[in-house]
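Subject: Structure handover and notes

Hello,

Here is the structure for your project. My notes follow below it.

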Amino acid sequence: MTDESFVDGRSEGAKAQQAAVDAALRGAVIAGVNPDQSPRVLQEAARFAALLGVPLAVVHVDVTRFVTYEDPDGYVHSAPVDINVQAGEGELEAVRRDAETHLVNSPVTWEVRQLVGDPALAIKHFADKIDAQLIVVGTRKRGFGESVRQFFTGSVAARLSHRQHRPILVVPQGELLHDHEDFPEVEA
């Protein structure tokens with residue numbers, strides 16, 4: 001048994017350590033990433049972090065969980081939408097591996113963080129918390145499944161652009177549309 005007191009399942013030491021990490025990320029560039037997406041998103045985010053002389057916060061949003069409440073100290077309590085919480089944990093590990101692989105030669109310091117809930121709102125809230133200078137996200141990949149998903153959830157970049165004041169860099173990924181192609185639409 002240790003001498004540390006625990007509040008809401010977290011020790012005071014753990015809370016202090018998290019506050020120190022958040023303070024170290026103050027003014028960072030945020031890269032919103034998903035597992036197995038184009039490495040360009042991470043690489044561009046790292047390039048801008050280096051240009052600005054700030055750290056890089058690599059964030060993944062677990063959409064299988066939602067925020068139940070937030071403590072005054074900023075700790076977010078969440079609950080799973082589904083009983084299978086391993087999916088979100090597996091995605092976080094994949095994001096961590098991708099960051100380690102693609103940022104190995106990067107001169108910037110970086111931290112991987114998992115957020116929960118609606119991606120645009122979670123990234124906005126985190127950007128406010130660390131006073132981020134820039135948010136970097138990737139476009140969605142082409143395909144019917146992605147078009148359906150975007151129809152129901154909307155573009156994270158577009159939703160971010162209407163909910164906060166920071167600049168957003170949208171990095172193209174996947175196969176690009178040709179000039180003569182229309183954007184794939186979902187029939188209702």
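Start with R47. R47 is partly exposed, at a relative accessible area of 42%. Its side chain pairs with E44 in a salt bridge, where the closest N and O atoms are 2.9 Å apart. Both residues sit in helix 2, three residues apart, which puts about one helical turn between them. An α-helix has 3.6 residues a turn, so residues three or four places apart point the same way. Please keep in mind throughout that this is a predicted model.

Now the whole chain. The protein has 188 residues, and 34% of them count as buried. Its fold contains six helices and nine strands. The accessible surface is about 11100 Å². Carbon and sulfur atoms account for 54% of that surface. Take the contacts between residues at least 6 apart in sequence: 72% of these join residues at least 24 apart.

Back to helix 2. This helix covers residues 40-52, 13 residues in total. From first C-alpha to last it reaches 18 Å, close to the 18 Å expected at 1.5 Å a residue. Which residues of helix 2 are buried? They are V41, L42, A45, A46 and A49. Seen down the helix axis, these buried residues fall within an arc of 125°, so they line one face of helix 2. Just after the helix comes G53, with a positive phi of about 70°.

Next, the salt bridges. How many does the structure hold? There are eight. The E44 and R47 pair described above is one example. Another joins K124 to D128, again with the closest N and O atoms 2.9 Å apart. K124 and D128 both belong to helix 4 (residues 119-130). They are four residues apart, about one turn of the helix. K124 is partly exposed, at 23% relative accessibility. D128 is also partly exposed, at 36%.

A further bridge connects R166 and D131, at 3.5 Å from N to O. This pair links distant parts of the chain, 35 residues apart. R166 lies in the loop between helix 6 (156-161) and strand 9 (168-171). D131 lies in the loop between helix 4 and strand 8 (134-138). Is R166 buried or exposed? At 7% relative accessibility, R166 counts as buried. Its partner D131 is partly exposed, at 36%. Salt bridges with shared partners tie R26, K124, D128, D131 and R166 into one network.

One acidic residue deserves a separate look. D98 is found in helix 3 (residues 86-102). D98 is buried, yet it has no salt bridge. What is the nearest side chain of opposite charge, and how far away is it? It is R97, at 6.0 Å. A salt bridge needs a side-chain nitrogen within 4 Å of a carboxyl oxygen, so the 6.0 Å between D98 and R97 does not qualify. Leaving out residues up to four places away in sequence, D98 touches N34, P35, D36 and L42. L42 also appears among the buried residues of helix 2. D98 in helix 3 therefore touches a buried residue of helix 2, where buried means under 20% relative accessible area.

Best wishes

Conventions
Residues numbered from 1 in each chain as written. Predicted model: local features only at pLDDT ≥ 70, side-chain atom pairs only at ≥ 80, totals over all residues. Heavy atoms only, no water. Helix = DSSP H or I, 4+ residues; strand = E, 2+ residues; numbered from the N terminus. Buried < 20%, exposed > 50% of the residue type's maximum accessible area, 1.4 Å probe, protein only. Lys, Arg positive; Asp, Glu negative; His and termini not counted. Contact = heavy atoms within 4.5 Å. Areas by Shrake-Rupley, 256 points an atom, 1.4 Å probe, with all protein chains shown as cover. Expected span 1.5 Å × (residues − 1). Arc of directions from axis to C-beta.
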